[in-house]
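Please find below some notes on this model, set out as numbered points. They go through selected local features and can be read alongside the coordinates.

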Amino acid sequence: MINGEQYLERIKSYSREIYVAGKRVDYDHPNIQPVLRAFAFTYDLALERGYSVHSDLVGKEVNVLNAYYSSPEELMKRYDYQRELSMRLATCNYRCTGADAINAFAAVLKGEERERFLRLLREIQENDYACTSALTDPKGDRSKRPKEQKEMYVRVVEERDDGIIVEGAKIHQSGAFAADINFFLPGQTFKEGEEEFAIAFALKPDDEGVKYILQNTGVQAKQREGGEFEYGNPFGDRTTCTVVLDRVFVPWERVFVYRDLKAVRNLLMTFANSHRCVGAACKAGFIDSMTGAASLMIKANGLEKVSALTSRLGEMSAVAESAYAIAIGSAVKGESVNGTWLPNGLMANAGKIAGVDGFIKAMRHLAEIAGGIPGTAPSEFDLKSEEVGEYVERFLRGSENFTAEERMRIIKFIEFWLMSSHYLGALHGGGSVSAAIIFLQYMSDIKSKEEAVRKTINL
Ligand SMILES: Cc1cc2nc3c(=O)[nH]c(=O)nc-3n(C[C@H](O)[C@H](O)[C@H](O)COP(=O)(O)OP(=O)(O)OC[C@H]3O[C@@H](n4cnc5c(N)ncnc54)[C@H](O)[C@@H]3O)c2cc1C
C-alpha cells in the first residue's frame, strides 16, 4: 500500500485533458489541488489506521476500497473506513464508487469477462490505484429511449479485432480526473434492441480522446480567489466533472460487459445496493463533522449553557448512529454471491433514505446553531486588510475564548457545509431518493404485511 505522497507523485505524472472555466489546466490548479489532497488523505489514513484486507489475488494486504469482500466483517471495515474519511475530510473520498464497481463486477461477472476483470483488479491491488466509477449519462429528454437520442448515452460505435470504440459522456463524475482507473457502467437497464449501450469497461489515464470538464460553483470561485481559510475546507467540496468520450479506444482486455442486457441489470442492481448502503455510513461521517462544527460554534458564541442548542448535538448524534447502524445491519444480514459478500438490498436502500433524512436534519440543526453569520460574514481578506481589518477583528469576535480569526474559521467551515454541493450530493449521489423508494416499494413484500393485517382484523 502506498502513502499520500506517492499517490500525488503518480497522479501528477499523467497528462490528462482537464478543463476549468473554459481553459485547459494542470494538476496544480486551485480547483484541482483540494481534490488531490482528499485522495492523498485516503492513502495516509488507510496506512495509519490499518484499513486493509487480505487479498488472495496478490497474497497480501490491500486497501479496503480496492477489494471485494469475503465476509460481513470485511464489509463493515469498509463502512468504518468511509465513516471516518467523511468525518475527517468533510467531503467526498472519491474512491468509494470504485469499490462499488469492484464488488459488483466480482459478484456478477462470469467466464472470460471475470478473468479479464480479475487481471485488472490484480494490477489495481499491486499498484494501490485509486478507482472511480462513471454511471450517469446526460440522458437528454428523459421521456425518450436511448435509441431515439443515442448521443446522450455512452455506447459502442465500432467493434475491432483488438477492442471497441466508445462515444458519449458521463455527467456528475466525482473526482474522475484524479483517479488512476475509471470504471464505466451503464446508468440504467436496457431493452432488446438497445445492446449498443449495454457495455461496461475501464479506462486508464493515458487513453486518448477523454476530456474532463470541471464543475463550477461558488466554492470553485472561492478556491480561485485564494486565501488560507476563505473557502472553508482545505479538502474542497464534492468536486465532479463531465467526462467526454470522443471516440475512445478500449482494448478487449478492459471490456467486462459487452452487449449483454442481463449482465447490465445484475451489475446495476448490485452496484446501486452497494453504493446506497455505504452512503449511509458516509452520511454518518458527514453528520459527525457537522456535529463537531456545531459544538465549536456554540462555544465560539459563548452559548454552552443553552440546552435548547446543546440538545441538538444529541439529536445530530442520533441520526448519525441510525444511518451507520443501517449500514452495519445490512452487512450482517447480507449474502455471499459468487464469493462476494454483498449488503442486504432492502436495508441498503432504506439506508439511503435514512441517511439523507438524517443529513438534512443535521444541516438544519447546524444552521440554527450557527445563526445567520455563515451567510453574511466578511471575508478572510477583510480580516487581514489594513483599512477594515480592525473592525472585522472587533465585530466578528464572540466568546473571549476564541480570537476573531478562530471564530471566522469555524464560520467559513459551516458556510461550506451549508452552501456547497453537499446537499445535492447527499440527495442524488448513488441515485436519487426516488430511485431507492421505487426499489423498496417493489421489493419490500408489502403483500405479506397486508395479509398480516387481514388476519388481525379478520378481513
Ligand atoms: C455531488 C454529486 C456527485 C455525484 N457523483 C457521481 C459519480 O461519481 N458517478 C456517477 O455516475 N454519478 C454521480 N452522481 C450522479 C447521481 O447519481 C445523479 O445525480 C442521480 O442518479 C440523478 O440523476 P440526474 O441528476 O441526472 O437527475 P435527472 O435525470 O435530471 O432527474 C431529475 C429528477 O427526476 C427524477 N426522475 C427522472 N426520471 C425519472 C423517472 N422516469 N421516474 C421517476 N423519477 C425520475 C430523478 O430521480 C431526479 O430526482 C453525482 C451527483 C451529485 C449531485
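**Notes on the predicted model**

1. Helix H9 covers residues 345-370, which makes 26 residues. From the first C-alpha to the last, H9 reaches 37 Å, close to the 38 Å expected at 1.5 Å a residue. The model is a predicted one, and the points below should be read in that light.

2. Both ends of H9 have something to note. At the N-terminal end, Asn-344 acts as the cap, with a side-chain oxygen 3.2 Å from the backbone nitrogen of Leu-346. Just after the helix comes Gly-371, with a positive phi of about 75°.

3. H9 also holds a salt bridge between Arg-364 and Glu-368, whose closest N and O atoms are 2.9 Å apart. The two residues are 4 apart within H9, about one turn of the helix. Arg-364 counts as exposed because its relative accessible area, 57%, is over the 50% cut-off. Glu-368 is partly exposed, at 36% relative accessibility. Elsewhere, Glu-228, Glu-380, Lys-384, Glu-405 and Arg-409 are joined into one network by salt bridges that share partners.

4. Leu-346, whose backbone nitrogen is contacted by the Asn-344 cap, also belongs to a nonpolar surface patch. The other members are Ile-438, Tyr-442 and Met-443, and the four residues together have about 430 Å² of accessible area. Helix H15 (residues 433-443) gives the largest share of the patch, 3 residues. Met-443 lies in H15 and is partly exposed, with 45% relative accessibility.

5. How many salt bridges does a search of the whole structure find? The count is 36. Among them is the pair Arg-88 and Glu-48, whose side chains meet at 3.9 Å, N to O. Arg-88 is in helix H3 (residues 72-89) and Glu-48 in helix H2 (residues 33-49), so this salt bridge ties together parts that are 40 residues apart in sequence. Arg-88 is partly exposed at 34% relative accessible area, while Glu-48 is exposed at 55%.

6. Lys-222, in helix H6 (residues 218-225), forms another salt bridge, with Glu-230; here the closest N and O atoms are 2.9 Å apart. Are these two partners buried or exposed? Both Lys-222 and Glu-230 are buried. For Lys-222 the relative accessibility is 17%, and the residue counts as buried because the limit is under 20%. The C-alpha atom of Lys-222 is also 9.6 Å from that of Pro-30, although the two residues are 192 apart along the chain.

7. Two residues other than glycine deserve a check of their backbone angles. Ala-21 has a positive phi, near 45°, and is found in the loop between strand S1 (17-20) and strand S2 (23-25). Ala-21 is exposed, at 54% relative accessibility. Arg-247 likewise has a positive phi, of about 45°, without being a glycine. Arg-247, however, is found within strand S11 (residues 240-251), and is partly exposed with a relative accessible area of 43%.

8. Ser-399 is in the loop between helix H12 (389-395) and helix H13 (404-419). Its side chain reaches the backbone nitrogen of Asn-401 at 3.0 Å. With a relative accessible area of 10%, Ser-399 is buried.

9. Two domain annotations come from an unreviewed UniProt entry. The record lists "domain: HpaB/PvcC/4-BUDH N-terminal" at residues 4-257. Over that range the model is 32% helix and 26% strand, with the end C-alpha atoms 32 Å apart. The record places "domain: HpaB/PvcC/4-BUDH C-terminal" at residues 265-457. That range is 77% helix and 3% strand in the model, and its end C-alpha atoms are 40 Å apart.

Notes:
Residues numbered from 1 in each chain as written. Predicted model: local features only at pLDDT ≥ 70, side-chain atom pairs only at ≥ 80, totals over all residues. Heavy atoms only, no water. Patch = residues over 30% accessible without salt bridge, like charges linked within 9 Å, V, L, I, M, F, W, Y side chains within 5 Å. Areas by Shrake-Rupley, 256 points an atom, 1.4 Å probe, with all protein chains shown as cover. Buried < 20%, exposed > 50% of the residue type's maximum accessible area, 1.4 Å probe, protein only. Expected span 1.5 Å × (residues − 1). Polar contact = N/O pair within 3.5 Å; in protein donor to acceptor, adjacent residues only side chain to side chain. UniProt positions renumbered as here; feature names shortened; annotations may be inferred.
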